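Here's a quick briefing on side-chain contacts, meant to be read with the structure open. Have a look at the model first, then go through the notes by topic.

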Amino acid sequence: MFVAKALDAISKESGRIAITAIVCNMLRTVMETTPEDLVAVVYLLANRIAPAHEGLELGIGDASIIKALYEACGTKEAQIKKQYKESGKDSQEKKKNHIKALLVAATDCEPQYLIRLLQAKLRIGLAEQTLLAALGHAAVYADKQSSTPANIDSSLEEAAKIVKQVYSVIPVYDKIISALLADGVWDLPKTCSFSPGVPVGPMLAKPTKGVSEILDKFQDIEFTCEYKYDGERAQIHYMEDGTVEIYSRNAERNTGKYPDVVDAISRFKRPSVTSFVLDCEIVAFDREKKKILPFQVLSTRARKNVVLSEIKVGVCIYAFDILYINGQPLLQAQLDSRRQHLYESFEEEPGFFQFATAVTSNDLEEIQKFLEAAVDASCEGLIIKTLKKDATYEPSKRSNNWLKLKKDYMDSTGDSLDLVPIAAFHGRGKRTGVYGAFLLACYDVNNEEFQSICKIGTGFSEAVLEERSASLRSKVIPKPKSYYRYSDTINPDVWFEPIEVWEVKAADLTISPVHRAATGIVDSDKGISLRFPRLLRVREDKNPEDASSADMVADIYRAQKHNQSNRDDDEQ
DNA sequence: GCTGACTGCCC
DNA sequence: ATTCTGC
DNA sequence: GCAGAATGGGCAGTCAGC
């Protein structure tokens, strides 16, 4: 099959330029021969079946693929599973071969079905941004009049930029492609542009290690600081006809999850406002105690067809930006002007709708204090934003105009623990042949046992991952030790002797349904786990018995803002 | 009707 | 989410 | 610095099997 061959060619290339060229050529061919197929081909390459906000999903994951392969080829399931996980590369190949073989043998609708299986992850170095660039390039070639060979390269670059920009504002391939085929790239920003009701890619922030780095990056620029709330990013669209849509960070339609938010709009919107697009964070909120609740509480909310009267977790909207007001897009406006619109157009209602707490200062100590205050108010940290210059809203971009500062990014602060790898999982893709993730444990001194606390799979350079895999491979044991505490549902590929100690950083500690650290100390039968665990370094100087103890884990958990039962234990 | 595995989507 | 890496 | 690809905890929703 034509597409399959192209994918194969792409997977053999590593350079983005080469990949873009292959995709571009494929798209050109389709445009010239069967333009009506272009949308389908693009969706195929994008690994999607519909725009995110339309909420279609496949419901096919690894487990189903393994089973399907089993049923289709009659190989033993266990064997495939083994190949698939154990020797990733081999199994990747085999899997591909299986699918290839099936494609060859397939009839009628089968190929389509099998290709869908592939959709889980393409992992061939082609993703959205490259596809968009290729689409732009292909459109230049299709536009015979304008492209003079002399400046073809800059034309290609410009076209890629246009397509990416347009996609960030209206992420609907169907619309972009039909506009592209009808009127070409150069007019695309006019023929296909932002429209209320369609989610805009939310602007993202770059991680930053400390206040001094911020002052460094924003040397002569005016900037402002805001609390970074720990909830769910939301983009609220309010249309002229009164319709409301709420979109997630990844452009999923969340309207049905937040009827309470929809209901509150008429109260916090000023009467003069006839339409808007609001950028905000939805945060779980205890209105009786007037307290922000942890993300984990927010995530227990029902997600589909929620009925207003049955809501158990109240929610407060923290608004921080506005992209559209009364028919006028504000994406090109500077933040100070967008903020002015924001403050003028809405009214705060404590516990329901508030503006993100903000301070404008360039004093290191003041910002440091503001960060402390943010953490004290149950926030993750700060977002620091340019205010008047280079301060437009840049959809989908992790722009330098927004920086995020969290306590756990800073070298000197944040929770770091010393933990013992007791098991591992075979890596896939570029981790083939080494372990892809490890199961970590703390040490319970009292019971002399190692209790699982989290898995870890990030923070390793390739070299370190190679070293640790080699080192631990010689410590594999056939069965877990009797003094390992873990859940049966974990199912690692290999178990280890307790030998090494790794220093691990985390953003938070959470009560876990699966991990066993400190079980019986803060909760009678649930353990503690880590949020966003990553490897800092290997502690060559420590023995497993010197790892963080269950008691220490419990202490760190209790020290977290959210978990303090009352305020009496705070220092004066 | 309940349970557990799987999936998708939040972070 | 966080992190690393090829280009 | 971008883009992509490794990987984390944990929730509700879904569905097969008991």
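## Side-chain contacts at a glance

E372 and K407 meet through their side chains in a salt bridge, at 3.6 Å from N to O. Keep in mind that this is a predicted model. Across the whole structure, a search turns up 32 salt bridges and 27 aromatic pairs.

**Salt bridges**

- The E372 and K407 pair links distant parts of the chain, 35 residues apart: E372 is in helix 16 (residues 364-376), and K407 is in the loop between strand 12 (398-406) and strand 13 (415-426).
- E372 counts as partly exposed, with 37% relative accessibility, and K407 is partly exposed too, with a relative accessible area of 24%.
- A network of salt bridges with shared partners takes in D418, E503, R537, R539, D541 and K542.
- D279 pairs up with R233 in a salt bridge, with 2.7 Å between the closest N and O atoms. This one connects strand 5 (residues 276-286), home of D279, to strand 3 (residues 232-238), home of R233, across 46 residues.
- Buried or exposed, what are D279 and R233? Both are buried.
- D321 and R338 also form a salt bridge, and their closest N and O atoms are 2.7 Å apart. Here D321 sits in strand 7 and R338 in helix 15 (residues 335-345), 17 residues apart. Both D321 and R338 are buried.

**Aromatic pairs**

- F194 and Y324 make a tilted pair, at 5.1 Å centre to centre with 55° between the planes. F194 is in the loop between helix 11 (188-191) and strand 1 (204-208) while Y324 is in strand 7 (residues 315-325), so the pair ties together parts 130 residues apart in sequence.
- F194 is buried at a relative accessible area of 14%, and Y324 is buried at 10%.
- Y435 and F496 have ring centres 5.5 Å apart and planes at 70°, so this pair is edge-to-face. The contact bridges 61 residues, from Y435 in strand 14 (residues 435-444) to F496 in strand 18 (residues 494-496). Y435 and F496 are both buried.
- There's a cluster as well: ring pairs link Y238, F268, F276, Y343, F346, F353 and F355.

**Charges over rings**

- R28 has its charged end over the ring of Y141, 4.0 Å from the ring's centre.
- R267 lies over the face of F352, 4.9 Å from the ring centre.

**Surface patch**

- I49, L56 and L58 make up a nonpolar surface patch, together offering about 240 Å² of accessible area.
- I49 is found in the loop between helix 3 (38-46) and helix 4 (62-73), and is partly exposed with a relative accessible area of 34%.

Definitions and conventions
Residues are numbered from 1 along each chain as its sequence is written. Chains are lettered from A and ligands numbered from 1 in the order in which they are written. This is a predicted model: local features need pLDDT of at least 70, side-chain atom pairs count only at pLDDT 80 or more; totals for chains, interfaces and linings use all residues. Side-chain values use heavy atoms; hydrogens and water are left out. Rings of Phe, Tyr and Trp (its six-membered ring) pair if their centres lie within 6.5 Å; planes under 30 degrees apart count as stacked, over 60 as edge-to-face and the rest as tilted. Helices (H or I, at least four residues) and strands (E, at least two) are DSSP runs, numbered from the N terminus. Buried means under 20% relative accessible area, exposed over 50%, partly exposed in between (1.4 Å probe, protein chains only). A charge sits over a ring if NZ of Lys or CZ of Arg is within 6 Å of the ring centre and within 35 degrees of the ring normal. Patches are made of residues with over 30% relative accessible area and no salt bridge: like charges are joined within 9 Å, nonpolar side chains (Val, Leu, Ile, Met, Phe, Trp, Tyr) within 5 Å. Accessible areas come from the Shrake-Rupley method with a 1.4 Å probe; for residues, only the protein chains shown count as cover. A salt bridge is a side-chain nitrogen of Lys or Arg within 4 Å of a carboxyl oxygen of Asp or Glu.
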